[in-house]
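Colleague: I would like a close look at a single part of this model. Pick one helix, go through its two sides, and then turn to a neighbour that covers it.

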Amino acid sequence: MKKEFKEAIEDSPIIAAIKDDEGLKKCLTSESRVIFILYGDICNIPDIVETVKSSGKIAMVHIDLIAGLSSKEIAVDFIQKYTKADGIITTKPALIKRAKELGLYTILRLFVIDSMTSSLSETSPPAMTGTVDSLQTLASTFGMRAGSTSIRSGLAVRSWCSMLE
């Protein structure tokens, strides 16, 4: 399963992030193989994920943004059981742990400020090594690739992916 995710990112490094039904329609015909789902609620998220998956794309649900879900591990169980999403995005390490137990892809979203960037640029965060499939930072907002650095509004932002085997 990891190999499929890694190959999809390598083949199509631009990831579509959808935040409404209009974006959902557009992503279905895009070249992006991985879709970040940034909207929905417990009633419509199964349909949104099914639409993405039926177009042959990998569906990653930003679980923190789904209305009606708590920040408890049971929310990951719900996503896995009722949506068949390929993975989750979250800022919560406990949800990452549960998603890994269920065999889902995981993306830990975090923000790094400039004073931290220089010390973290050589290595990935030790606490996260081997626990997530990738780390997403504010850099994703600017469409930057893993390992790139940008200065914008006085912030240096760095993103990096953990090793995908």
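Modeller: What follows is a walk around one helix and then its neighbour. Keep in mind that the model is predicted.

Take helix α5, residues 93-101. Its buried residues are L95, I96 and A99. These cover an arc of only 105 degrees around the axis, so they sit on the same side of α5. A general point on spacing fits here. An α-helix has 3.6 residues a turn, so residues three or four places apart point the same way. Now go round to the other side of α5. There, K97 and E101 are exposed.

What covers the buried residues of α5? The cover includes helix α4, strand β4 (87-90) and strand β5 (105-109). Past the helix, look at the backbone. G103 follows α5, and its phi is positive, near 85 degrees.

Next, the neighbour. Helix α4 spans residues 73-83 and holds both F78 and Y82. They are 4 residues apart, about one turn of the helix. A search of the whole structure finds 2 aromatic pairs. F78 and Y82 form one of them, a tilted pair. The separation is 5.1 Å centre to centre, with 40 degrees between the planes. The pair is tilted because that angle is neither under 30 degrees, as stacked would need, nor over 60, as edge-to-face would need.

Are these two rings' residues buried or exposed? Neither label applies. F78 has 21% relative accessibility, so F78 counts as partly exposed. Y82, at 49%, is partly exposed too. The cut-offs explain both calls, because buried means under 20% and exposed means over 50%.

Definitions and conventions
Residues numbered from 1 in each chain as written. Predicted model: local features only at pLDDT ≥ 70, side-chain atom pairs only at ≥ 80, totals over all residues. Heavy atoms only, no water. Phe/Tyr/Trp six-rings, centres within 6.5 Å; stacked < 30°, edge-to-face > 60°. Helix = DSSP H or I, 4+ residues; strand = E, 2+ residues; numbered from the N terminus. Buried < 20%, exposed > 50% of the residue type's maximum accessible area, 1.4 Å probe, protein only. Arc of directions from axis to C-beta. Contact = heavy atoms within 4.5 Å.
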